[in-house]
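Trainee: Could you take me through one part of this model up close? I'd like to look at the nonpolar core and the helices that go with it.

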Amino acid sequence: MSTKSTPGIDESGAPDHPSRSDGFVRGLSGLIGGPLGDHAVARDRPAGAERRFWTAVRIVLALTCLTLALHWVQKSPCQDGAWVDNQQYTRFCYTDVLALYYAERLNEGAVPYLDHPVEYPVLTGYFMGALGLPVHAAGDGNPGMNQGQWFYNLNALVLGALAVATVAVILALRRRRPWDAALFALAPALLLTATVNWDFLAIGLAAFGLLAWARSGPGRKGTALVALSGVLLGLGGAAKMWPLFILGPILVLAIRAGRIRAAILSIVTAAVTVVLVNLPVALPLESRENWKRFFELNTDRPIDWGTLWYITRYLDGKFGDPASMGPFQWLDANIPTLNYLSYALFGLACLGIGALALLAPRRPRLAQLAFLVVAVFLIFSKVWSQQFVLWLLPLVVLARPKWGAFLVWQAAEVCYFVAFYGQLLGASTGQPVFPEGVFVLAASLRLAAVVALVVLVVQEILNPERDAVRRTYADDPDGGLLDGTPDAPWLARLRARRPTAAPPPTPVPTVT
């Protein structure tokens with residue numbers, strides 16, 4: 001059982017020092033004199049007790065702001081919307097936020113869903129309209145105002161604030177491990193893709209949903225926080241679907257802990273939230289068809305660049321019989337079958353994750369299972385856009401805060417980012433920048449890196465003693481009312497019935 005005063009949040013004890021606990025950082029620290037010494041002033045000072053201004057928390061927040069500022073600079077060549085000579089690709093500065101201000105007719109004052117179909121879930125459409133329509137109103141009749149640039153910068157400000165809020169949530173969830181959040185703050189993926197699309201709207205809501213669950217506990221306040229977690233995850237799911245996947249790990253962990261009512265409350269409030277957010281545009285006849293655009297697009301969409309299916313389709317064409325259609329080429333021509341196969345593989349992977357959660361020697365942490373579910377969704381999805389890396393970023397930090405594998409994954413993402421823009425440029429000019437095999441190789445490296453992270457997280461679930469977070473916290477700092485709770489009696493009885501290997505026979509001493 002947990003002895004912490006606040007379920008899910010351990011505010012006592014000395015903070016973790018990566019130069020001592022992380023092998024990669026320990027080795028790297030040799031460049032500046034080695035790991036933190038035994039007589040360092042701050043060695044055993046509890047988290048939050050530092051009197052220096054530049055505490056770990058403030059450093060991480062400052063690094064996040066610096067990365068976001070550099071991201072803004074990196075996107076600045078495209079902010080005026082005057083994209084000539086394919087500079088949006090040659091300078092790696094393309095962003096959907098600016099392009100869709102015109103494509104979704106926000107520059108004409110079109111109301112999302114009411115006047116124009118939107119290819120995103122409703123909360124993202126509301127968000128686009130909430131920022132875009134005032135910009136159009138301010139620029140209407142003012143030809144000197146670059147509406148697209150104002151729209152992008154306003155979005156960059158709000159999305160940047162959500163990114164800072166996300167890292168603040170990570171810091172709140174890891175009070176004794178504040179340097180874990182530096183993985184997020186310094187991630188190349190954050191630098192390159194933060195405002196490519198509106199993904200940080202869903203990421204921020206999902207992060208606050210996890211925080212609400214982590215703060216939950218017994219009593220009315222705990223129940224209210226459970227319901228709040230469902231509302232926030234539901235809002236995240238109404239912006240981008242993936243935050244709803246976190247409800248699956250919550251359910252299976254609650255089943256293992258015998259606290260299923262709390263999980264059901266969170267799921268129900270999430271479902272009600274999604275329905276209520278959708279109703280204003282799903283019910284009226286004048287907006288219903290435009291509302292369906294998101295679902296129709298995802299149903300009819302063919303194999304997208306960089307996915308598992310794109311790689312296998314390429315291999316079909318490269319090594320298969322040129323006179324016949326390979327199986328993955330056939331799937332590309334039969335989208336309904338591809339949809340069913342993709343959903344089936346994701347479903348089977350989720351069943352496997354559920355079995356892992358129930359049968360693991362110790363109840364897994366929520367962040368571990370959440371990362372696994374979102375990762376396998378991307379692995380088997382027919383769409384894997386460049387900015388989807390941001391979905392995994394906070395989950396990786398919470399699930400496996402180790403620098404070595406994280407940096408390998410980020411390096412693979414950077415390689416894919418560069419190769420992807422080469423593909424965009426080649427498609428725009430009709431002259432390939434490099435052979436398609438180079439892009440397929442980059443996509444394969446990205447896929448392999450994510451699969452490797454999945455394998456490493458599974459290994460740590462099966463061997464909890466390897467889990468860096470469990471070396472700092474007694475159980476699960478994200479577990480909320482499940483933190484420190486023993487397994488349900490039915491699971492204990494099931495384990496008791498499982499046959500165990502007979503002990504080896506005691507050797508009989510011999511007399512010589």
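Mentor: Let's start with the largest nonpolar core of this predicted model, which has 140 residues. The members that touch the most other members are W198, F200, W242, F371, L372, L392 and W409. Helix α19, residues 366–380, gives this core its largest share, 14 residues.

Take F200 from that list. Leaving out residues up to four places away in sequence, F200 touches L159, L162, A163, T166, F184, L190, A194 and L390.

That last contact, L390, takes you to helix α20, where L390 is one of the buried residues. L392 from the core list is buried there too. In fact, eleven of the eleven residues of α20 (389–399) are buried, so this helix is largely enclosed by the rest of the structure. Going along α20, the buried residues are V389, L390, W391, L392, L393, P394, L395, V396, V397, L398 and A399.

Now pick up W409, another name on the core list. Helix α21 (residues 403–429) packs on helix α22 (residues 436–462) at an angle of about 155°, with the axes 8 Å apart. Angles over 145 degrees count as roughly antiparallel, and therefore that is what α21 and α22 are to each other. The crossing is left-handed. On the α21 side, the contact is made by A405, W409, A412, E413, C415, Y416, A419, F420 and Q423. Facing them from α22 are E436, F439, A442, A443, L445, R446, A449, V450, L453 and L456. Sorted by class, that contact has 15 nonpolar, one polar and three charged residues.

Key:
Residues numbered from 1 in each chain as written. Predicted model: local features only at pLDDT ≥ 70, side-chain atom pairs only at ≥ 80, totals over all residues. Heavy atoms only, no water. Axes fitted to C-alpha atoms, helices over the stretch in contact; angles between N-to-C directions. Helix = DSSP H or I, 4+ residues; strand = E, 2+ residues; numbered from the N terminus. Parallel < 35°, antiparallel > 145°, perpendicular 65-115°, else oblique. Left-handed = near helix turned anticlockwise from the far one by under 90°. Contact = heavy atoms within 4.5 Å. Nonpolar A, V, L, I, M, F, W, Y, C, P; charged D, E, K, R; others polar. Core = buried A, V, L, I, M, F, W, Y, C linked by side-chain atoms within 4.5 Å. Buried < 20%, exposed > 50% of the residue type's maximum accessible area, 1.4 Å probe, protein only.
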